[in-house]
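Trainee: I am new to this structure and would like a close look at a single part of it. Please take one helix and the surroundings it belongs to.

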Amino acid sequence: MDSSKAYPMKGGDGISSYTKNSSYQKSLSDVAMSLISDAVAEKLDVLACGTPFRIADLGCSIGPNTLIVVENIIKSVQLKYDEYSFPTPEFQVFFNDHASNDFNTLFKTLPSNKHYHAAGVPGSFYTRLFPRASLHVIHSSFALHWLSKVPQGVIEKDSRAWNKGRLHYGGADNEVVMAYREQHMKDVDGFLKARAEEVASGGMVVVLVPGRPNGVPHLECIGNVLFEVLGCCLLAMAKEGKIEEEKVDSLNIPIYYSSPNELEEIVDRNGCFRIEKMEVMPHIAEPETKDAAGRLAMGVRVGVEGVLKGCLQEETIDELFESYRKRLEQVPSLYSSGGAAIIFLVLAKKES
């Protein structure tokens with residue numbers, strides 16, 4: 001497994017695409033809209049913002065959620081300009097994701113009556129993407145829990161952190177958990193350093209991060225539980241001889257669910273930003289129905305299928321997620337409990 005490979009969401013607009021299976025993200029983004037509007041109204045310094053007004057959505061995927069978020073930010077900024085009786089500026093919006101992201105599908109869905117100039121920016125948001133002091137609002141949602149790479153130690157057989165027989169870190173030894181945590185902390189620090197260079201004076205960074213509540217053990221976080229169940233299904237297929245055990249050992253999902261305390265620690269240690277606002281949004285539980293299990297299984301698949309495709313054939317992946325769906329149907333409480341949180345952060349750059 002290539003530890004540094006990019007794994008964008010499943011493209012296209014078919015029944016198994018991210019476009020058709022991102023309703024959970026949309027429901028939480030809808031809840032966060034008022035928080036974003038309030039942040040713009042309270043924290044954005046339009047007196048320092050010139051024209052064009054530049055917005056970047058980092059980890060945009062293929063929509064339609066990114067388009068809805070961008071429209072909300074623009075409306076909020078327009079209200080702020082109206083408050084000061086300033087003329088409405090021109091807007092330029094940058095949609096960023098990995099180069100292998102399906103930008104074609106995204107741009108096909110751009111509204112014909114949009115009030116902004118759109119551009120795609122390929123590349124990892126853990127590095128610099130834009131000129132210095134060029135962006136006024138930087139937004140990222142449901143992306144910062146993805147690591148820039150699989151921690152090297154978890155795929156090395158002679159490492160104490162080798163994650164043998166597991167797909168993720170949820171139920172793994174502490175060495176594995178710490179390897180994931182250290183990679184996450186390094187990545188978010190790089191994200192903050194890059195954004196500190198790119199955000200303009202008076203601008204702001206708004207982040208929505210899937211995580212876990214303070215005090216909730218990793219094994220009880222819903223996301224980790226779901227990956228643990230998926231890993232059990234994968235191991236069962238290996239025991240049946242349908243997958244080589246070596247392939248199972250080589251697969252690791254590069255996602256880490258941090259707590260609010262961990263994120264606050266990273267921001268403080270980084271030193272580039274101050275936290276203007278942090279709010280923990282509750283997990284929105286799916287109803288305990290068979291349809292919910294199917295939707296959840298498909299939602300997980302569109303997110304992590306890229307990780308699996310490097311080692312597994314399409315038919316094997318189909319069988320894996322059919323087994324996964326059936327397992328979720330048997331234990332619906334797995335996806336209706338409260339061991340998850342969405343962390344909303346508003347960051348302002350510290351002035352030197």
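Which strands does helix α7 lie across, and at about what angle does it run to β6?

Mentor: The model is a predicted one. In it, helix α7, residues 260-270, lies across three strands: β5 (199-211), β6 and β7 (341-349). Its direction makes about 170° with that of β6.

These strands belong to an open sheet of seven, in the order β3-β2-β1-β4-β5-β7-β6, with mixed pairing. In general, the strands of a sheet pair through backbone hydrogen bonds, either parallel or antiparallel. β6 (273-282) is an edge strand of this sheet, as is β3 (117-122), and each of them pairs on one side only. From one strand to the next the twist averages 15°.

Elsewhere in the sheet, β1 (residues 53-58) and β4 (residues 135-141) run parallel and are joined by three bridges. Ile-55 stands opposite Val-137 in β4. Another helix, α2 (residues 65-83), packs on the sheet and touches β1, β2 (91-97) and β4. The direction of α2 makes about 150° with that of β2.

Back at α7, there is an enclosed space to consider. Rolling a probe the size of a water molecule over the atoms shows where empty space is left. A search of the whole structure finds two cavities of 30 Å³ or more, and the largest has a volume of about 50 Å³. The elements that each supply at least two residues of its lining are α4, β5, α7 and β7. Among the lining residues are Leu-263, Val-267, Val-207, Val-209, Leu-345 and Leu-347. Helix α4 gives the largest share of the lining, three residues.

Helix α4 (174-198) leads on to the largest nonpolar core, as one of the elements that give two or more residues to it. The others are α5 (222-239), α8 (290-309) and α9 (314-330). This core has 44 residues, and α5 gives the most to it, with nine. Phe-321 and Tyr-324 have the most contacts inside the core. Leaving aside residues up to four places away in sequence, Tyr-324 touches Leu-226, Val-229, Leu-230, Cys-233, Ala-297 and Val-300. A second, separate core has 34 residues, including Leu-35, Val-40, Val-46 and Phe-344. In soluble globular proteins, nonpolar side chains tend to be buried together.

To return to the request: α7 lies across β5, β6 and β7, and α7 also supplies at least two residues of the lining of the largest cavity.

Terms used: Residues numbered from 1 in each chain as written. Predicted model: local features only at pLDDT ≥ 70, side-chain atom pairs only at ≥ 80, totals over all residues. Heavy atoms only, no water. Core = buried A, V, L, I, M, F, W, Y, C linked by side-chain atoms within 4.5 Å. Buried < 20%, exposed > 50% of the residue type's maximum accessible area, 1.4 Å probe, protein only. Helix = DSSP H or I, 4+ residues; strand = E, 2+ residues; numbered from the N terminus. Contact = heavy atoms within 4.5 Å. Pairing = 2+ DSSP bridges. Axes fitted to C-alpha atoms, helices over the stretch in contact; angles between N-to-C directions. 1 Å grid on protein atoms, 1.4 Å probe; cavity = no way out; pocket = protein on both sides within 12 Å on 5 of 7 lines; lining within 4 Å. Points joined across faces, edges and corners; volume = space filled by probe spheres on them.
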